[in-house]
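Please open the model in your viewer and keep the sequence panel visible beside it. The tour below proceeds from selection to selection.

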Amino acid sequence: MAALSSSSAASSGAPPPPVEFTQEELECMSKVKAQLVAGGLDEARISPRELALTTLNSKLRVDDACEKYIAWLDAIQVFGLNSFDDVWAEVTQGDWSLVGPLLRSYAVCGTDAMGRSIMWIQGTGEGEGVWLVLGVRVGLS
């Protein structure tokens, strides 16, 4: 399986190589999706990227991944977001008017022992929903 990023790609500014999943991971993701749909979740609310993330974070345990995915959807729905497509909608449509100014509030303050960026978030008084959307985008990028 390819690494999510390599140190040489990160230091050169080149994009990381594409993620490659094992057959076991792909089969598990398919089972999670099927179980979510069988449980009544509208297939339009299932995003491949977030499904993969949830499945891998659940260590390929289908029931756990389904519970976490539903919990994640429930958490974002509180802020008027029906799916992860809603989270990414502004960016994919090229509209940065809401989120763009908030990116200035994310200040890089160093790296951890594994070389990952650590960011400090300085609030600007904006609505909590906007911060949730931005946090999800930053966390998944």
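Begin with the whole protein chain, coloured by secondary structure: six helices and two strands are present. Helices (H or I, at least four residues) and strands (E, at least two) are DSSP runs, numbered from the N terminus. Followed from the N terminus, the order of elements is α-α-α-α-α-β-β-α.

This is a predicted model, in which local features need pLDDT of at least 70 and side-chain atom pairs count only at pLDDT 80 or more, whereas totals for chains, interfaces and linings use all residues. Residues are numbered from 1 along each chain as its sequence is written, and side-chain values use heavy atoms, with hydrogens and water left out.

Next, display the surface. The protein chain has an accessible surface of about 8900 Å², and carbon and sulfur atoms contribute 56% of that area; the method is Shrake-Rupley with a 1.4 Å probe, and for residues only the protein chains shown count as cover. Of the 141 residues, 29% are buried. Here buried means under 20% relative accessible area, exposed over 50%, and partly exposed in between (1.4 Å probe, protein chains only). Among contacts (heavy atoms within 4.5 Å) with a separation of 6 or more, 46% join residues 24 or more positions apart.

**Helix α2**

Select residues 23-38, which form helix α2. Its 16 residues should span 22 Å at 1.5 Å a residue, and the end C-alpha atoms are indeed 22 Å apart; the expected span is 1.5 Å times one less than the number of residues. Now show the side chains of E25, C28, M29, V32 and L36, the buried residues of α2. These residues lie on the same side of α2, because they cover an arc of only 100 degrees around the axis; the arc is that of the directions from the helix axis to the C-beta atoms. An α-helix has 3.6 residues a turn, so residues three or four places apart point the same way. Add α3 and α4 (62-77) to the view, since the buried residues of α2 pack against both.

Rotate to the face of α2 turned away from its buried side, where the exposed residues Q23, K31 and A38 are found. After α2 comes G40, with a positive phi near 105 degrees.

**The loop between α2 and α3**

Which residue does K33 meet in a salt bridge? The partner is E43, at 3.2 Å from N to O; a salt bridge is a side-chain nitrogen of Lys or Arg within 4 Å of a carboxyl oxygen of Asp or Glu. K33 belongs to α2 and E43 to the loop between α2 and α3 (48-57), ten residues apart. Both ends are partly exposed, K33 at 31% relative accessible area and E43 at 44%.

In that loop, select S47. S47 is buried, at 8% relative accessibility. Beyond its neighbours within four places in sequence, S47 is in contact with Y69 and F84.

**The second salt bridge**

The structure holds two salt bridges. To see the other, select D64 and R61, whose side chains meet at 2.8 Å from N to O. D64 is partly exposed at 27%, as is R61 at 42%.

**Helix α5**

Finish at residues 84-92, helix α5, where F84, V87, W88 and E90 are the buried residues. They share one side of α5, because their arc around the axis is only 140 degrees. At the N-terminal end, S83 caps the helix, with a side-chain oxygen 3.2 Å from the backbone nitrogen of D85. Following α5 is G94, whose phi is positive, near 80 degrees.

Terms used
A polar contact is a pair of N or O atoms within 3.5 Å; within protein, one must be able to donate a hydrogen and the other to accept it, and residues adjacent in sequence count only if both atoms are side-chain atoms.
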